[in-house]
Every structure is written in C-alpha cells, then in structure tokens.
Amino acid sequence: MYVVYILFSASLNKYYVGSTLHLSIRLEEHNRGKSPFTKKGMPWTLVHHIECGDHNAAILLENKIKKRGIGRYLDDLKIH
C-alpha cells in the first residue's frame, strides 16, 4: 500500500511531502541524507501519513497537498 507522508524539519522550519511504498525505510533515507532536497533539513520528523490504495492515488494526493500548501493542508486537518 502506498503512503503519502509529511515530514517537518525544525532546523529549516519547513515541511516536506512525499509518497512511498515503505514509509519507515523512506524516513530513514531522508534522515541519512539520501535525498538532495531533504539533506539540508536533517533530522526530519514524521508529522502525518495517509494510506492510499495505489500509486496513482498517492501521486494525486501528494500533488493536492502541494497545491494547497502543506501548512494549510495540516491546518485544515487541525494537525500541528
């Protein structure tokens, strides 16, 4: 099952959204500096995740969150 996840970096005071099949592995990769974008914000903390039925659903949700703005999306869900 695909997962859309939202991470937070306290050092950058920024959020990051992504999707994956293996959330725990992907979070470890972000915190090891494997992703060039998230390398600067380590450590990243998992703030929220949503299970999706398939890859297409995950990509659609990820894009929806990005368009809304991650902070506003979390505000809508009353998550912060």
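This briefing describes the nonpolar cores, helix H1 and the salt bridges of the structure above. The model is predicted. Its largest nonpolar core has eleven residues, and a second, separate core has six. A search of the whole structure finds four salt bridges.

**Nonpolar cores**

- The largest nonpolar core is made up of Val4, Ile6, Val17, Ile50, Cys52, Ala58, Leu61, Ile65, Ile70, Tyr73 and Leu74.
- Two or more residues of this core come from each of strand E1 (2-9), strand E3 (44-52), helix H2 (55-68) and helix H3 (70-76).
- The second core is separate from this one, and its six residues include Val3, Leu7, Leu23 and Trp44.
- In soluble globular proteins, nonpolar side chains tend to be buried together.
- Ile6 is a member of the largest core. Beyond its neighbours within four places in sequence, Ile6 is in contact with residues that include Val17, Ile65, Ile70, Tyr73 and Leu74.
- Further contacts of Ile6, again leaving aside neighbours within four places, are with Tyr15, Tyr16, Thr45, Leu46, Val47 and His48.

**Helix H1 and its buried side**

- Leu23, Arg26, Glu29 and His30 are the buried residues of H1. They lie on the same side of the helix, because the arc they cover around the axis is only 125 degrees.
- An α-helix has 3.6 residues a turn, so residues three or four places apart point the same way.
- The cover over the buried residues of H1 includes E1, strand E2 (14-20) and E3.
- Leu23, one of these buried residues, also belongs to the second nonpolar core.
- Gly33 follows H1 and has a positive phi, near 85 degrees.

**Arg26 and its surroundings**

- Arg26 is located in helix H1, which spans residues 23-31.
- Arg26 counts as buried because its relative accessible area is 18%, under the 20% limit.
- The side chains of Arg26 and Glu29 make a polar contact of 3.0 Å.
- With neighbours within four places in sequence set aside, Arg26 is in contact with Tyr5, Thr20 and Ser35.

**Salt bridges**

- Side chains of opposite charge can pair when their charged atoms come close.
- Lys34 is paired with Glu29 in a salt bridge whose closest N and O atoms are 3.5 Å apart. Lys34 is exposed, at 55% relative accessibility, whereas Glu29 is buried, with a relative accessible area of 15%.
- Lys66 forms a salt bridge with Glu62, with the closest N and O atoms 3.0 Å apart. Because the two residues are four apart in helix H2, about one helical turn separates Lys66 and Glu62.
- The two ends of this pair differ in accessibility: Lys66 is partly exposed, with a relative accessible area of 46%, and Glu62 is buried, at 10% relative accessibility.
- Arg68 and Asp76 form a salt bridge in which the closest N and O atoms are 2.9 Å apart. Arg68 is partly exposed at 34% relative accessibility, and Asp76 is likewise partly exposed, at 45%.
- Arg26, Glu29 and Lys34 are joined into one network by salt bridges that share partners. Within this network, Arg26 and Glu29 are among the buried residues of H1, while Lys34 is exposed.

Terms used: Residues numbered from 1 in each chain as written. Predicted model: local features only at pLDDT ≥ 70, side-chain atom pairs only at ≥ 80, totals over all residues. Heavy atoms only, no water. Core = buried A, V, L, I, M, F, W, Y, C linked by side-chain atoms within 4.5 Å. Buried < 20%, exposed > 50% of the residue type's maximum accessible area, 1.4 Å probe, protein only. Contact = heavy atoms within 4.5 Å. Polar contact = N/O pair within 3.5 Å; in protein donor to acceptor, adjacent residues only side chain to side chain. Salt bridge = Lys/Arg side-chain N within 4 Å of Asp/Glu carboxyl O. Arc of directions from axis to C-beta.
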